[in-house]
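Open the model in a viewer and keep the sequence panel in sight. The stops below are meant to be selected one after another.

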Amino acid sequence: MTKRCDVSIRGVEISFGAVRVLEKLDLEVAQSEFLVLLGPSGCGKSTLLNAIAGLIDVQAGKVWIGGRNVTWEEPKDRDIAMVFQSYALYPRMTVRGNMSFGLKVAGMPSAEIEKRVAAAAAMLKITELLDRRPAELSGGQRQRVAIGRALVRDAGVYLFDEPLSNLDAQLRAELRVEIKRLHHRLAATMIYVTHDQIEALTLADRIAVMKDRVIQQLGTPNEIYRTPANRFVASFVGSPAMSFVPGSYEVREGLPWFHAEGVAAPLQGYGFADRLQPGAPIELGVRPEHVEAGGDISAAIEMVEPMGSDQLAWLRLGKHPVSMRLSAEAVAAPGAPMPIRLPPDKLNLFDAASGRRL
Ligand SMILES: Nc1ncnc2c1ncn2[C@@H]1O[C@H](COP(=O)(O)OP(=O)(O)OP(=O)(O)O)[C@@H](O)[C@H]1O
């Protein structure tokens, strides 16, 4: 593998009839980067991937791959290889046949084809399956073959459209690690579509979170998780999910506070990006692992979910439910009081009207 292309999407717009799916979308993917397009069903991530592949025409804007404007080039001329959710294998061909077919059609010498198929099969641990047909394979094995078929192409960019969503949870986790290993080994440019935030957090160098025709936030998994740009990103990423409490911003004796019915939390130490007027409606967001036991904020345990390695306690904070991560050994009984602290530097505050991070 030698080719590693960058990808540049500039002002791309796509509509289906009256439905606008992508609006003036810009995105730069670096050479060797693993970029994940993450978002809820219908947000346009597959449409964007298909536009990069050349399977859908753009109505405006440009697509550049490896320094070439490929906006009007056929998929086969774009130096890409794609892996689909549905595997799309030829049922009558063996695994070897499936993996070599594209190269044969392209007129590659058979010795070179054999070399590439053997190398990809070894990497994906499917060497012993080369003479089987797709019907004789499990779902996980089929997807390995589909990935192998993309790898032998030695493309400048690999595109994955939800490749793991047809697999059960355990296989998904297994193959996820394989894909990550593959990326480390090949340092290939990969663009990967998923609606699974765990997949995005574990695989990506950077994540583009999409909703409502645009990219809501582009950042490393850490940035997306720690400093979500808005309430949507905050609620979409993280499992168990962030808890939200609507309230207002107050100033007491010169210090900033969050206030809601039955809740007063100090905000000194929160890195405000905006100046706020006292009384401004804001929403507080806190992740379960950031709620600390033993503070001045009174709360009570309503319910406890054991999760194996730890427990998730559901607290009532004023009128609002807030979840808190507890160690597996912690004694937590429904009904018990649980005074807490909300560390200001770990909190997330959002403008109540726009949802933007403050
Ligand atoms: N060929 C098409 N004709 C009309 N509408 C389409 C077509 N393809 C997609 N759409 C619409 O465009 C929007 C974006 O679809 P897209 O498949 O890109 O979403 P997605 O984020 O990949 O979702 P999913 O995870 O469900 O595939 C959806 O509202 C979908 O209904």
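**Start at the end of helix α1**

Select Gly 54, the residue that follows α1: its phi is positive, near 90°. The model is predicted, and the angles and distances on this tour are computed from it.

Now step back into the helix and pick Asn 50, which sits in α1, residues 45-53. Is Asn 50 buried, exposed or partly exposed? A residue needs 20 or more other C-beta atoms within 10 Å to count as buried. Asn 50 has 19 within that distance, so it is partly exposed. Leaving out residues up to four places away in sequence, Asn 50 touches Leu 55 and Ile 56. For a longer reach along the chain, draw a distance from Asn 50 to Ala 88: the two are 38 residues apart in sequence, and their C-alpha atoms are separated by 15 Å.

Colour the rest of α1 by burial. The helix is mostly covered, with seven of its nine residues buried. The buried ones are Lys 45, Thr 47, Leu 48, Leu 49, Ala 51, Ile 52 and Ala 53.

**The shell around the ligand**

Next, select the residues around the ligand: Phe 16, Val 19, Val 21, Gly 39, Ser 41, Gly 42, Cys 43, Gly 44, Lys 45, Ser 46, Thr 47 and His 195. Two elements, β2 (19-29) and α1, each give two or more residues to this shell. Which element gives the largest share? That is α1, with three residues. Coloured by class, the shell shows four nonpolar, seven polar and one charged residues.

**The sheet that includes β2**

From the ligand shell, follow β2 into its sheet. This is an open sheet of four strands in the order β2-β1-β4-β5, with antiparallel pairing. The edges are β2 and β5 (68-69), each of which pairs on one side only. Select β1, residues 7-16, together with β2: the two run antiparallel and are joined by seven bridges. To inspect one of the pairs, pick Ile 14, whose bridge partner in β2 is Leu 22.

**Two loop residues with positive phi**

Go to Ala 187, in the loop between α5 (169-186) and β8 (189-194). Ala 187 is not a glycine, yet its phi is positive, about 50°. It counts as partly exposed because it has 13 C-beta neighbours inside 10 Å.

Then select Asp 212, in the loop between β9 (206-211) and β10 (214-219). Asp 212 also has a positive phi of about 50° without being a glycine. Here 12 C-beta neighbours lie inside 10 Å, so Asp 212 counts as exposed.

**From one domain to the other**

Zoom out and colour by domain: domain 1 covers 7-229 and domain 2 covers 243-351. Their centres, taken over C-alpha atoms, are separated by 39 Å. An unreviewed UniProt entry places the feature "domain: ABC transporter" at residues 7-237. Select that span: its end C-alpha atoms lie 25 Å apart, and it is 36% helix and 26% strand.

Now find Pro 240, in the loop between α8 (231-236) and β11 (243-252). The peptide bond joining Ser 239 and Pro 240 is cis, with omega about -5°.

**Two hairpins through β17**

Select β16 (residues 300-306) and β17 (residues 310-317), which pair in the antiparallel sense over six bridges. One pair to display is Ala 300 with its bridge partner in β17, Arg 316. The two strands form a hairpin with three residues between them, and Gly 308 in the turn has a positive phi of about 85°.

Extend the selection to β18 (residues 320-327), which runs antiparallel to β17 and is joined to it by eight bridges. Ala 313 has Met 324 as its bridge partner in β18. How many residues lie between β17 and β18? There are two in this hairpin, and Gly 318 in the turn has a positive phi of about 60°.

**Last view: the whole chain**

Reset the view to show the full protein chain, which has eight helices and 20 strands. Its C-alpha atoms fill a box of roughly 80 × 50 × 35 Å along the principal axes. Of the 358 residues, 37% are buried. Among contacts between residues at least 6 apart in sequence, 66% join residues at least 24 apart.

Technical notes: Residues numbered from 1 in each chain as written. Predicted model: local features only at pLDDT ≥ 70, side-chain atom pairs only at ≥ 80, totals over all residues. Contact = placed C-beta atoms within 7 Å. UniProt positions renumbered as here; feature names shortened; annotations may be inferred. Near = placed C-beta within 6 Å. Nonpolar A, V, L, I, M, F, W, Y, C, P; charged D, E, K, R; others polar. Pairing = 2+ DSSP bridges. Domains from an automatic or database assignment.
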